[in-house]
Amino acid sequence: MNDDIHGDSLHPSTLDRLDRRILSVLQQQGRISNQELAQAVHLSPAQSNRRHKRLESAGYIQRYEARLDAHRLGLDVTAFVHVSMERGQHKEVLKFQRTVGKMPEVLECYAVTGDFDYVCKVVARDLKGLSDFLLGTLAQLAGVSSVRSSICLNELKCTSALPLE
């Protein structure tokens with residue numbers, strides 16, 4: 001495989017075992033040094049750095065972030081919120097999407113098939129805070145016809161790591 005930086009020309013089918021291993025290590029340890037990464041994937045630091053930069057420039061790595069502990073920060077309630085929109089309100093749907101994207105309480109939001117239009121993962125300090133957000137903010141957005149929530153009782157798995165093997 002050519003180790004030159006090719007930007008967007010890198011296709012998933014061209015990722016070899018080493019590229020996938022680099023991505024796997026970076027998913028688990030985003031702050032790993034180049035030296036440690038090179039050791040973990042059995043490459044020289046120069047080769048490791050070249051591949052790492054190529055994967056970044058090709059868009060396989062979107063960003064680096066710290067995963068914070070919600071409970072330590074006083075965000076003790078997680079809910080999955082199902083949102084239905086009024087039919088035929090295209091302008092309101094676009095406005096909803098932009099607005100939800102700016103709400104810090106909404107960690108994730110997906111347009112889905114089925115009985116609802118969107119599913120959002122939401123955090124709040126407590127049940128009252130969740131209620132205030134759902135009834136006072138989310139349900140009040142133009143075009144929203146209904147909001148239903150399911151409160152998370154216990155987190156069994158939470159990861160952003162993608163299966164690479």
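Contact here means heavy atoms within 4.5 Å. The structure is a predicted model of a protein with 5 helices and 4 strands. Its radius of gyration is 20 Å, whereas a compact globule of 165 residues would have a value near 15 Å. The points below move from the overall form to strand E1 and then to three individual residues.

**Overall form and composition**

- From the N terminus on, the order of elements is α-α-α-β-α-β-β-α-β.
- Along the principal axes, the C-alpha atoms occupy a box of roughly 55 × 40 × 25 Å.
- Buried residues make up 31% of the 165 residues of the protein.
- Among contacts with a separation of 6 or more, 67% link residues that are 24 or more positions apart.

**Surface and charge**

- The accessible surface amounts to about 11,200 Å², and carbon and sulfur atoms contribute 51% of that surface.
- The protein carries 21 positive and 20 negative side chains, and the centres of these two sets are 2 Å apart.

**Strand E1 and its partners**

- Strand E1 spans residues 77-85, and because 8 of its 9 residues are buried, E1 is largely enclosed by the rest of the structure.
- E1 pairs with strand E3, residues 118-124, in the antiparallel sense over 7 bridges.
- In the pairing with E3, His-82 stands opposite Val-119.
- E1 also pairs with strand E4, residues 144-151, again in the antiparallel sense and over 7 bridges.
- In the pairing with E4, Val-81 stands opposite Ser-149.

**Ser-84, in strand E1**

- Ser-84 belongs to strand E1.
- The relative accessible area of Ser-84 is 9%, and Ser-84 therefore counts as buried, the cut-off being under 20%.
- Beyond its neighbours within four places in sequence, Ser-84 contacts Asp-115, Phe-116 and Asp-117.
- The remaining contacts of Ser-84 in that set are Gly-143, Val-144, Ser-145 and Ser-146.

**Glu-92, in helix H4**

- Glu-92 is part of helix H4, which covers residues 90-101.
- With a relative accessible area of 22%, Glu-92 is partly exposed, because this class lies between the buried limit of 20% and the exposed limit of 50%.
- Neighbours within four places in sequence aside, Glu-92 is in contact with Met-85, Ala-142 and Gly-143.
- Gly-143 thus appears among the contacts of Ser-84 and also among those of Glu-92.
- Glu-92 and Leu-23 are 69 residues apart in sequence, and their C-alpha atoms are 38 Å apart in space.

**Ile-151, in strand E4**

- Ile-151 lies in strand E4, the strand that spans residues 144-151 and pairs with E1.
- The relative accessibility of Ile-151 is 43%, so Ile-151 counts as partly exposed.
- When residues up to four places away in sequence are not counted, Ile-151 touches Val-77, Thr-78 and Ala-79, as well as Leu-127 and Leu-130.
- Leu-130 is 21 residues from Ile-151 along the chain, and the C-alpha atoms of the two are separated by 9.5 Å.

Notes:
Residues numbered from 1 in each chain as written. Predicted model: local features only at pLDDT ≥ 70, side-chain atom pairs only at ≥ 80, totals over all residues. Heavy atoms only, no water. Helix = DSSP H or I, 4+ residues; strand = E, 2+ residues; numbered from the N terminus. Rg over C-alpha atoms; globule rule 2.2 N^0.38 Å. Buried < 20%, exposed > 50% of the residue type's maximum accessible area, 1.4 Å probe, protein only. Areas by Shrake-Rupley, 256 points an atom, 1.4 Å probe, with all protein chains shown as cover. Lys, Arg positive; Asp, Glu negative; His and termini not counted. Charge placed at Lys NZ, Arg CZ, Asp CG, Glu CD. Pairing = 2+ DSSP bridges.
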